[in-house]
Structure formats: C-alpha cells, structure tokens
Amino acid sequence: MKITGSSASLRALLLRVTTFTFCFLSAGVTALAAETNDSVSNSQAAARNERIDALLKALEGVDLFGEFRIRPEWQYNYSFDRDNLSCTGSICKTSDDAREFTGMRTQLGVDVKPGGAFSGRVVVQDSRVWGAERGSDTGLATANDDTRQSLDVREAWLEARSGAFAAQAGRLLLNYGDQRLVGSQNWSNVGRSFDGLRLKYETPLIKSHVWGTALAEQDSDSSGNTTGVGARNLDLDDAYFVGWYNTLTLHEQFQAEPYYLGRYFSYVQRTQPIIRSDSATASGGVPIITSEDRSRDRDILHTLGLRLTNRTVNEGKRAPGVLDYTIEYAHQSGRSGRALAPLWDQARVIAPLPGQLFDTTSNPCRVFDSGRTADGSTVSGCRVYTERERYDAFAFAAELGFTYDEFARVAVEHDTGSGDPSRTDGAVATFNNLFHTNHMHYGQADQIGWQNMRAWALKLSFDFKDGGRFKLAWWRADKHKAQDAWYKVAGGGAAGATVATTESLDNAAYASVYNSDGSLRSLPVGALRKHLFNEYDLTYEIGAGGLEVSVGYSLIVAGDAAGAWRDDRGVKRERFEARVAQDLADGRVDRPAELIALYTPSFRPRAHFAYVMATYKF
C-alpha cells in the first residue's frame, strides 16, 4: 500500500481535513480579530497549501506491507523406530512417534524511500505455535503473566547510497546464491536475521557485498540490555560472521559468483583449572596449579566457494532459454581451537600432576592422559605436545534443468557434502552447512543437510498459470563416509543426527560393539551401511489476490544405515533367543523385556510429512 502525492482524491481529502482543523483551531482568534481582508485570507490559504504539499512530499516513497501465514504440519515416525520401543531391565516402554502442530507468523513492515541518499526498513514479526504459550489452556495466552516472547524485530536497517556504493546497518536478511550456505530460512516460522553492517558496490556487470555481523555478544550495556550469551550463560562468547560475496554477470548465459565466508567463535570456558571437590582436604599443603583452562581456543572456519549459473532472469529464478544450469563448489579450512594429542607423539610425553588434586575431569590440561614410566609406575598429567584440530572439508552441488514452453520443467541434481572417516583425529572433514535455507534443497521433509551426504534427485514441475503449480520430486540420499553420522537439516553433529545409524567414531577397522538391548553401537568399517533414505515429494501451489495456498506431502523410506542400527535381528537372536526359549519352556517369563525385544521389530522404515500453508501478503 503506497501513499504518494500524485493522487488528486487524496490531495482533496487532506485539503478538507486540514482546512477544517485549521478553521476549528483558529475560530477563537478569528472572533477576536478586529478586521479581516482578502490579503489575509489568501495568505492563510497559501500556508495551508504549503503544509499539505509538505505532508504529501513526506509521504512519498512510504510503503506499508505485511504478511499473515498459517501452516499446520504433520510428522510421523521421523526416528524410524517402531513405536519408539525401548526396553530396560524388565520394563519396556513405547511412545507415539508423531508430531502435529500449527505455526502462525504475522509481519508488519514499512519501507521508507524518500528519494534521496537514505532509505530504511522496519519489519515487526510475531511468530507462535497455536496453544504453545503458558496460559493458552486458560485462554489467557495474551496476558502479560509469565508468557513466552513471540514478538520481535525481523528487519530494521538504514541504508545510505551514493552512486554504485551503499552502506547498510542494522538487522539484516542475508540471501546469497541458492541459499545453501547463507539464507534467511523463510520456510521456518521464525526465520533468520543478522545484526551487523553491509557494504555494497553494484553495477550491471558486478555486484560486490561485504558484511560483518555479530552472532554472539558476551558483554551487556549499562542501560539494562543484558546479554543472554557468554561463558557465564554456558553459551558462546563473542562470535562473528563475515562475508564477501561477488556476482559477475558476464553474459545472460553465464554468471560467476566467487565468495568468502568466515565464522569466528571464541570459546573461553574459565580462567582457573577445574579442581576436585576434595582437593582442599587431600592437598596436604600442595599448591594449586593455575592456568588458563580452555576447552577450545578461537574457532575460525574459512569457506571459499564459487557458484556458476545461467539463471540470470527474474532475480535469478530462471534462465533466458530452455536450459538452465547451476554448479557450486566450496572448500573449508581453518582451526577449530580444540587441542588434541598429536599422532606422531608415540611416546605420549606427560607432565605429571598431583593425583590427589587432579583427575580426568578435574585438571588444568589441554589434553589429560595417563601412561607408564620406565620403571612400570603409572603417571597422570598433561600431554606435553598438543596440536590444534583443523578443518578440511568440501561440498559440491550441480543441477541441470530443461523447460518446455514455460509450462513443464524437468531437472536432475546431485549434491555432495563431505563426511569425516575419523572424528577423533586431527582433522574435521565433515562439511559445515553454516547459515543455510535447506528446505529449498534435498527434499521438502527436511531430512538432511549438506553434511556427510551424497544425494541425487529427479524433479518435475508444471506451471498451469492461474491453475497453480504442481511439483514432483524423487530424492535418494547416502552417506559420503560410512563412518560418519546422518546429520539433520540443522546440523548438530552425531548427537544431533536425525536418526542413529551404523557408524564408527574412530574409524575402527575390526571392532563390533553392541548395546545391552542388542542394538548396534558400532560396526567394523567394512560392515558399515551407507544408504540413508529415499524421499518422494508432492507439492501443489496456487495463488490469487495476494493469497497463496500450498499443500505438500512426503514419503520417506529409510535405508539400511538406519535399519541395521535400529533392528539387527542376528544380534537379538544371539543375545536373547536361548534365554527366551528357556522362559517359554518352563512356562515362566522371567525376562519379559527380552521376550518383547526379540519378537518386536524395532525398525519401521516409512515416515511421513504433510503440511497445508496459507499466506496472505499485502
């Protein structure tokens, strides 16, 4: 909704309102005036017109906009575990592996573009899940009584421009390339924003953006704005995200986008070593050793990449011809700040510590270890030689599409995110997905990120114009390295994997380890599985008059990497069959949990995802 000075009806309305207001306020003064003449009346009319013109000019370039979005979602069996069966001792429990909720997002924004060197934007957003606030069950969810914070600022920035140069500061949305590494994650009910500064240089040939943003601030200001991060809050200290993204449009069929992305973390846990609680009585006068105990030093991750494409039309959404292509490669380097014992230190040289003061969990060491001296005695303390863990990872993506008569498009895609064959050595080989918008890639059910994966896709879409758009997609995802984890859409490491899979943390060539319930803990490398899942997506979208409705469904079929972990029948028979047979023979079941675990499949390979989303924009 724009307000401009070119509307005659608006000008007339403002003239009437201003005239009425002016006459009302000046009635008393006019009644006391001894004389009036035409010259005074003309000057008053001229003043009124000047004020109206000034108001209309001030409102030029003001754009009010907003969005209202509701999306019910349904997720079933995302853990691929039959009813989440778990048995401990003589007790077995199940839980319903299903999630359904309705998310709602409301946005109201204003753009100010007065036509000069400055412009700005503010977007206020309310994001919530129906019934999720305290007080919802009483109908008092909107009362200021121990409710959760749902209202926030999504964007708020000021920009100054001079020719091809511009500077932008505030709360920003960063969207670059296919948003595989830097995106605003608009599918999310909350989305992603960055607080910082961005410098721009833009011409028809080249667009170059440089930015620096704060991810975490450990220090509070002096006016009551307290930080929620930092070591005292068991979170990050100062952390930053910087980038330099360039777009070179050399031809309508060739666009090159070289970039650098830098993520800088600072982990400083404490400035004194951890001392055993009984050290005061056990020390016997031995002085306490002081040091700077850091579980990590500065964590610096560099990402260098290049994207090539011919999608240069309609803000990068399509190519000028019937064929479109996109190729992207990124490499990561840097240091994690984590201290490790180097593999070359076979002697395991140790600086001893008093045993009555320090142990494995309570010590000032970068790396704590135990070993034997030449006379056979045991010594514990700090490893003398350490090294910092380094990053060495890569990712690749390629898509080729063909569009027929602007109606039907068929595309094939391949994606690889490197994995780590050994997560205990001196290199991190698992690619970091950074600040992505992964819902646009790798399947709409959000089963995987650009980490330890090889994915292939066949995609079909049909554009019926006013009749909507229909999309079909098939995805197959495998591990890049069988020893590494299945990483969920938001990353999170092995502990944050979507579902437990066959893995080998330290690249064990021969060991097989099982949990007490017969499930796998690790397999020898030669027996590890790689296939993660197949996914089948259907989506239909239609819009008119500012309203867009989208309906989607996905079937996910898990592969053997998850199946072998969840339900290894051979292991269960080996562990439980003899005792269960004995229980059945004597007519008395002494171990019911083993009986249930033996005969109840723990793996259900099919998962489902569905949603309905209605979005109205004005």
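**Exercise 1. Classify the exposure of W74 and its ring partner.**

Solution. Step 1: W74 has 36% relative accessibility, so W74 counts as partly exposed. The value belongs to a predicted model. Step 2: Y76 has 22% relative accessibility and therefore also counts as partly exposed. The cut-off for buried is under 20%.

**Exercise 2. Describe the geometry of the pair W74 and Y76, and place it among the aromatic pairs.**

Solution. Step 1: A pair of aromatic rings is described by the distance of the centres and the angle of the planes. Step 2: The structure holds 20 aromatic pairs. One of them joins W74 and Y76, with 6.2 Å from centre to centre and 15° between the planes. Step 3: Planes under 30 degrees apart count as stacked, and the pair of W74 and Y76 is stacked.

**Exercise 3. Determine how the rings of Y442 and W475 are arranged, and which parts of the chain they join.**

Solution. Step 1: The ring centres of Y442 and W475 are 6.3 Å apart and the planes stand at 75°, so this pair is edge-to-face. Step 2: Y442 belongs to the loop between β20 (427–428) and β21 (453–463), while W475 belongs to strand β22 (residues 469–478); the pair therefore ties together parts that are 33 residues apart in sequence. Step 3: Y442 counts as buried because its relative accessibility is 1%. W475, at 4% relative accessibility, counts as buried too.

**Exercise 4. Find the aromatic cluster and two rings with a charge over them.**

Solution. Step 1: One aromatic cluster is formed by Y176, F194, W211, F241, Y245, Y259 and F435. Step 2: Over the ring of W450 sits the charged end of R180, 5.6 Å from the ring centre. Step 3: R263 lies over the face of F265, and its distance from the ring centre is 4.1 Å.

**Exercise 5. Follow the pairing from β5 through β6 to β7.**

Solution. Step 1: Strand β5 (residues 98–112) pairs with strand β6 (residues 118–129) in the antiparallel sense, over 10 bridges. L108 has V124 in β6 as its bridge partner. Step 2: Five residues separate β5 and β6, which form a hairpin, and G115 in the turn has a positive phi of about 95°. Step 3: β6 also pairs with strand β7 (residues 151–162), in the antiparallel sense over nine bridges. Opposite F118 stands A160 in β7.

**Exercise 6. Which strands stand at the edges of the open sheet that contains β15 and β16?**

Solution. Step 1: The open sheet has three strands in the order β15-β17-β16, with antiparallel pairing. Step 2: The edges are β15 (350–352) and β16 (368–372); each has a single partner strand, so one side of each is left without a neighbour in the sheet. Step 3: From one strand to the next, the twist averages 50°. Step 4: β16 and strand β17 (residues 378–383) pair over five bridges in the antiparallel sense. The bridge partner of G371 in β17 is V379.

**Exercise 7. Summarise the chain as a whole.**

Solution. Step 1: The secondary structure comes to seven helices and 27 strands. Step 2: The chain has 618 residues, of which 39% count as buried. Step 3: Of the contacts between residues at least 6 apart in sequence, 67% join residues at least 24 apart. Step 4: The chain exposes about 32800 Å², and carbon and sulfur atoms supply 57% of this area.

Methods
Residues numbered from 1 in each chain as written. Predicted model: local features only at pLDDT ≥ 70, side-chain atom pairs only at ≥ 80, totals over all residues. Heavy atoms only, no water. Phe/Tyr/Trp six-rings, centres within 6.5 Å; stacked < 30°, edge-to-face > 60°. Buried < 20%, exposed > 50% of the residue type's maximum accessible area, 1.4 Å probe, protein only. Helix = DSSP H or I, 4+ residues; strand = E, 2+ residues; numbered from the N terminus. Lys NZ or Arg CZ within 6 Å of the ring centre and 35° of its normal. Pairing = 2+ DSSP bridges. Axes fitted to C-alpha atoms, helices over the stretch in contact; angles between N-to-C directions. Contact = heavy atoms within 4.5 Å. Areas by Shrake-Rupley, 256 points an atom, 1.4 Å probe, with all protein chains shown as cover.
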